[in-house]
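Trainee: Before we go through the model, I should like each descriptive term justified. Please set every value against its definition.

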Amino acid sequence: MSQPYPQNNPRARRGRYAAPVDAGAPRPRHAAHAAPAQDAARQAGTPDDVPTAGPAAEAPHAQDGAAAWAGAEEAFEFVDEAPQGQPAGAVPGNPRDRVTVSARPDAEDAGVGGAVPGGIVIQPGVTGSTPVIGVDTAHARVIPRADGDEPLRGASPTPRLQGARDGAVALPDVRRRNRPRRPSRGALIAAALVIAVVGAGAYLLLNPPVMSLTVNGQTIQVPSDTSIDKLIADGTVAPAPGDLLAVDGSLLQEGGGKRFTAQVNGEPFADGAARLPRDAAISVTDGADDTEDYAEEEVAAPPTIGFEGVGAIHAYEGTGAAGTSLRRTGSVSGITVDEVVTEPVAEVVKKYNADTAGDKVVALTFDDGPWPESTDAILDILDQNGAKATFFTIGQQISGGNAESVKRAAAAGHQISSHSFDHASAGDGRGVDMGRQTAQEQVDEVLKGYEAIEAATGAPASHAFRTPGGNFSAETAQILQPHITAEIGWNIDTEDWRRPGAQAIADRIKQAKPGSIILMHDGGGDRSQTVEALRQALPYLREQGYRFITIDELLAYNDPADM
């Protein structure tokens with residue numbers, strides 16, 4: 001047996017369907033409160049328990065409306081099972097569903113005969129509907145649901161009049177819960193304006209638009225966002241900028257250095273765009289010179305070179321050791337400078353003449369080859385006299401189509417050494433002086449010459465090197481120290497490059513002494529006089545008991561440290 005629907009008892013507001021309370025059950029208070037209003041309404045022919053104003057919509061009429069409203073004082077309750085006779089679809093809506101609230105029309109107006117008392121019609125989902133959370137029977141009105149309302153637990157409006165026995169369906173009797181009143185839009189705007197005004201006032205109080213600065217001893221008033229850049233722009237100070245320098249200290253751009261030198265409250269200050277602090281003491285003077293940006297790498301620092309002695313052989317003692325340097329290359333100028341980090345150990349180059357202890361040996365040397373015809377002609381004469389010689393070759397000449405002559409010389413046991421790659425023609429060498437070239441150009445002359453020899457002979461080149469023109473300064477000696485063991489000069493210059501005549505050349509060759517180094521040329525032009533001079537001089541020296549050896553063989557006679 002279902003219990004009557006008590007007023008404002010959320011625990012009793014359960015169930016999915018509205019059903020009448022059995023006859024004789026206690027009458028719910030909400031019905032008792034509504035009875036006087038309903039009686040008056042019947043006499044006036046006006047529906048009771050309905051607000052006089054509100055949204056309206058048509059509602060379905062009961063087939064027996066009079067009978068239904070005759071029992072309107074009966075109570076209804078919510079039950080889980082649909083009562084018998086419950087029309088299909090008579091499931092109550094959720095409190096969040098939109099429903100229509102209207103007065104109960106007369107049956108006659110609805111096409112059903114007989115006068116029907118008024119009532120509250122709850123119908124789901126019609127355009128213009130009003131959300132509700134229940135019925136306030138004490139005041140005969142429907143409670144619309146507004147944003148923020150929370151329906152009492154279990155309070156659900158019933159969607160149709162065709163509830164149990166086609167009578168008016170009872171809705172939960174509720175009172176709208178009290179909730180905080182929302183402030184009006186005007187109040188919100190006014191509060192926002194007050195906050196904005198107070199905030200602006202506080203900001204201006206803490207950050208006034210003008211401040212005091214002491215600039216170079218003079219106190220001035222300036223805008224609060226003043227920087228050194230602005231002081232320079234408005235002419236308050238006029239520092240002269242410094243110059244931009246290359247990594248080697250040379251001038252790159254006048255006025256391209258630091259724009260100013262500044263101190264703020266006694267501390268260095270370099271950011272011209274930064275806002276200056278209030279009441280600061282500022283000193284602004286001329287800018288300093290600045291050095292260009294540069295790339296930096298660690299490189300070996302070659303040992304310093306000291307020459308000792310006199311002679312045609314310039315051999316490294318091997319006592320030196322490289323240090324380390326930081327090499328800086330300017331990003332604007334491209335200039336490179338080295339700063340020593342670890343000091344190298346000095347190297348000594350001994351200059352001396354070979355001491356053969358009386359052995360009658362002579363070193364024949366030929367420069368500037370290989371050369372078409374003349375190199376091969378010289379090789380023929382050397383072979384006829386059982387002589388070995390040293391060829392100081394030009395790398396370009398080897399790779400220029402004369403490699404076969406070099407290969408023949410190497411196969412015959414002659415020494416193949418380098419006389420540079422292009423006779424110091426690269427850079428500012430002017431074809432004769434490696435000392436006028438850059439350090440890298442000098443190194444390239446040596447290494448590329450070695451490569452050409454190795455490509456032709458298949459064997460490593462000798463590291464006894466002869467500089468073009470014999471120009472071997474301490475600076476060049478320092479640059480080449482990692483790449484050569486000795487620089488070879490001469491004791492006898494035949495001056496065959498002048499082409500003084502075969503007899504003059506032969507006479508100079510015949511001046512040889514034990515350990516002499518004789519300078520001749522197989523390349524660089526017409527060397528037919530040199531070929532003829534060799535035919536005369538070599539047999540003569542052989543008769544004098546001389547042998548002809550290579551430079552490496554001559555170097556083996558002495559230890560440079562002992563010379």
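**Terms and their grounds**

Mentor: Let us begin with one residue pair: the bridge partner of Val264 is Glu267, which lies in β12. The model is a predicted one, in which local features need pLDDT of at least 70 and side-chain atom pairs count only at pLDDT 80 or more, while totals for chains, interfaces and linings use all residues. Residues are numbered from 1 along each chain as its sequence is written, and side-chain values use heavy atoms, with hydrogens and water left out.

Trainee: What makes β11 and β12 a pair?

Mentor: Strands pair if DSSP finds at least two bridges between them. Strand β11 (residues 260-264) and β12 are joined antiparallel by two bridges, so the condition is met. A strand here is a DSSP run of E with at least two residues, a helix is a run of H or I with at least four, and both are numbered from the N terminus. β12 spans 267-268.

Trainee: Why are β8 and β12 said to stand at the edges?

Mentor: The five-strand open sheet has the order β8-β7-β13-β11-β12, with mixed pairing. β8 (218-223) and β12 each have a single partner strand, so one side of each has no neighbour in the sheet.

Trainee: Which strands form the antiparallel three-stranded sheet?

Mentor: This open sheet has the order β15-β18-β19. Its edge strands, each pairing on one side only, are β15 (294-301) and β19 (336-342). From one strand to the next the twist averages 25°.

Trainee: How many bridges support these pairings?

Mentor: Eight bridges join β15 to β18 (residues 323-330), and Ala301 stands opposite Gly323. β18 and β19 share six bridges, with Thr329 opposite Thr336. β18 and β19 also form a hairpin with five residues between them, and Gly334 in that turn has a positive phi of about 75°.

Trainee: Why are α5 and α10 called roughly parallel?

Mentor: Axes are lines fitted to C-alpha atoms, for helices over the stretch in contact, and angles run from 0 to 180 degrees between N-to-C directions. Helix α5 (residues 374-384) packs on helix α10 (residues 528-543) at about 15°, with the axes 10 Å apart. Angles under 35 degrees count as roughly parallel, over 145 as roughly antiparallel, 65 to 115 as roughly perpendicular and the rest as oblique. The two helices are therefore roughly parallel.

Trainee: What separates a cavity from a pocket?

Mentor: On a 1 Å grid over the protein atoms alone, a cavity is a set of points where a 1.4 Å probe fits but cannot get out; a pocket is an open set with protein on both sides within 12 Å along at least five of seven lines; lining residues have an atom within 4 Å of a point. The whole structure holds three cavities of 30 Å³ or more. The second largest cavity has a volume of about 40 Å³, whereas the largest pocket has about 590 Å³. Such a volume is the space filled by probe spheres set on grid points joined across faces, edges and corners.

Trainee: Which residues of the largest pocket's lining are closest to its centre?

Mentor: Of its 23 lining residues, those are Ala300, Pro302, Arg327, Asp338 and Ala439. α7 (439-457) is among the elements giving two or more residues, and α7 gives the most, with four.

Trainee: How do the residues lining the second largest cavity divide by class?

Mentor: Five are nonpolar, four polar and one charged. Ala, Val, Leu, Ile, Met, Phe, Trp, Tyr, Cys and Pro count as nonpolar, Asp, Glu, Lys and Arg as charged, and the others, Gly among them, as polar. The lining includes Phe391, Thr393 and Asp522, and α6 supplies the largest share, three residues.
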